[in-house]
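Student: I am new to this structure and would like to look closely at one part of it rather than hurry over the whole. Could you choose that part, take me through its side chains with care, and then place it in its surroundings?

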Amino acid sequence: MAYGNKVKFHYDVPAYVKKQLAEAAKKLGVTATELLSKTIEEEYERVKSEKQKKG
C-alpha cells in the first residue's frame, strides 16, 4: 500500500522487537514507526555505499 513516496509493508514483528523499538523510540522522542523507518533508511544507505566501494 503506497502513501505518497512511502510504501507500507505488512509483516509480523516479534513482540520483543516491538518492545525494544518502542522503548528506544520513547527515549528519542519519536514514534516507533519513525524510528524503524529511519533505521531502515540508514541501513539501505550503508549497504548501497558498501556496494559502490566494492565496485
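Tutor: Let us begin with Lys38, which counts as partly exposed because its relative accessibility is 48%, a value that falls between the 20% under which a residue would be called buried and the 50% over which it would be called exposed. Please keep in mind throughout that this is a predicted model, so that every distance and angle below belongs to a prediction. The side chain of Lys38 meets that of Glu42 in a salt bridge, with 4.0 Å from N to O. Glu42 is likewise partly exposed, as its relative accessibility of 48% shows. Why can these two residues be thought of as a turn apart? Lys38 and Glu42 both belong to helix α2 and stand 4 residues apart in it, which means that about one helical turn separates them. The general rule behind this is that an α-helix has 3.6 residues a turn, so residues three or four places apart point the same way.

With that rule in hand, we can follow the helix further along, to Glu43. This residue forms a salt bridge with Arg46, and the closest N and O atoms of the pair are 2.4 Å apart. The spacing here is 3 residues within helix α2, so Glu43 and Arg46 are again about one helical turn from each other. As for their surroundings, Glu43 is partly exposed, because its relative accessibility is 37%, and Arg46 is also partly exposed, with a relative accessible area of 38%.

Arg46 has a further partner in Glu50, which lies in helix α2 too. A polar contact of 2.5 Å links the side chain of Glu50 to the side chain of Arg46, and the pair also counts as a salt bridge, at 2.5 Å from N to O. Along the helix, Arg46 and Glu50 are 4 residues apart, about one turn. Glu50 is classed as partly exposed, because its relative accessible area is 34%. Through salt bridges that share partners, Glu43, Arg46 and Glu50 are joined into one network. To set these pairs in context, a search of the whole structure finds 4 salt bridges, and those described here, Lys38 with Glu42, Glu43 with Arg46 and Arg46 with Glu50, are among them.

Now step back to the helix that carries these side chains. Helix α2 runs over residues 32-54, and its 23 residues should span 33 Å at 1.5 Å a residue; the C-alpha atoms at its ends are in fact 33 Å apart in the model, so expectation and model agree. The residue that follows α2 is Gly55, which has a positive phi, near 140 degrees. Elsewhere in helix α2 we find Thr33, which is exposed, because its relative accessible area is 57%, above the 50% cut-off. Thr33 also gives a link to a residue elsewhere in the sequence: Leu21 is 12 residues away along the chain, and the two C-alpha atoms are 8.7 Å apart in space.

A comparable pair starts from Ala22, a residue of helix α1. Ala22 and Leu36 are 14 residues apart in sequence, while their C-alpha atoms are 9.7 Å apart. Ala22 itself is partly exposed, as its relative accessibility is 40%. Helix α1 has 14 residues and reaches 20 Å from its first C-alpha to its last, close to the 20 Å expected at 1.5 Å a residue. Just after α1 comes Gly29, with a positive phi of about 75 degrees.

Finally, consider the chain that holds both helices. It contains 2 helices and 2 strands, and along the sequence these follow the pattern β-β-α-α. Of its 55 residues, 5% count as buried. The chain exposes about 5,300 Å², of which carbon and sulfur atoms supply 57%. How far the predictor trusts its own model can be read from the mean pLDDT of 85, with 82% of residues reaching 70 or more. Among the elements, strand β1 (residues 2-3) has the lowest mean pLDDT, 52, and helix α1 (residues 15-28) has the highest, 92.

Technical notes. Residues numbered from 1 in each chain as written. Predicted model: local features only at pLDDT ≥ 70, side-chain atom pairs only at ≥ 80, totals over all residues. Heavy atoms only, no water. Expected span 1.5 Å × (residues − 1). Polar contact = N/O pair within 3.5 Å; in protein donor to acceptor, adjacent residues only side chain to side chain. Buried < 20%, exposed > 50% of the residue type's maximum accessible area, 1.4 Å probe, protein only. Areas by Shrake-Rupley, 256 points an atom, 1.4 Å probe, with all protein chains shown as cover. pLDDT = per-residue confidence, 0-100.
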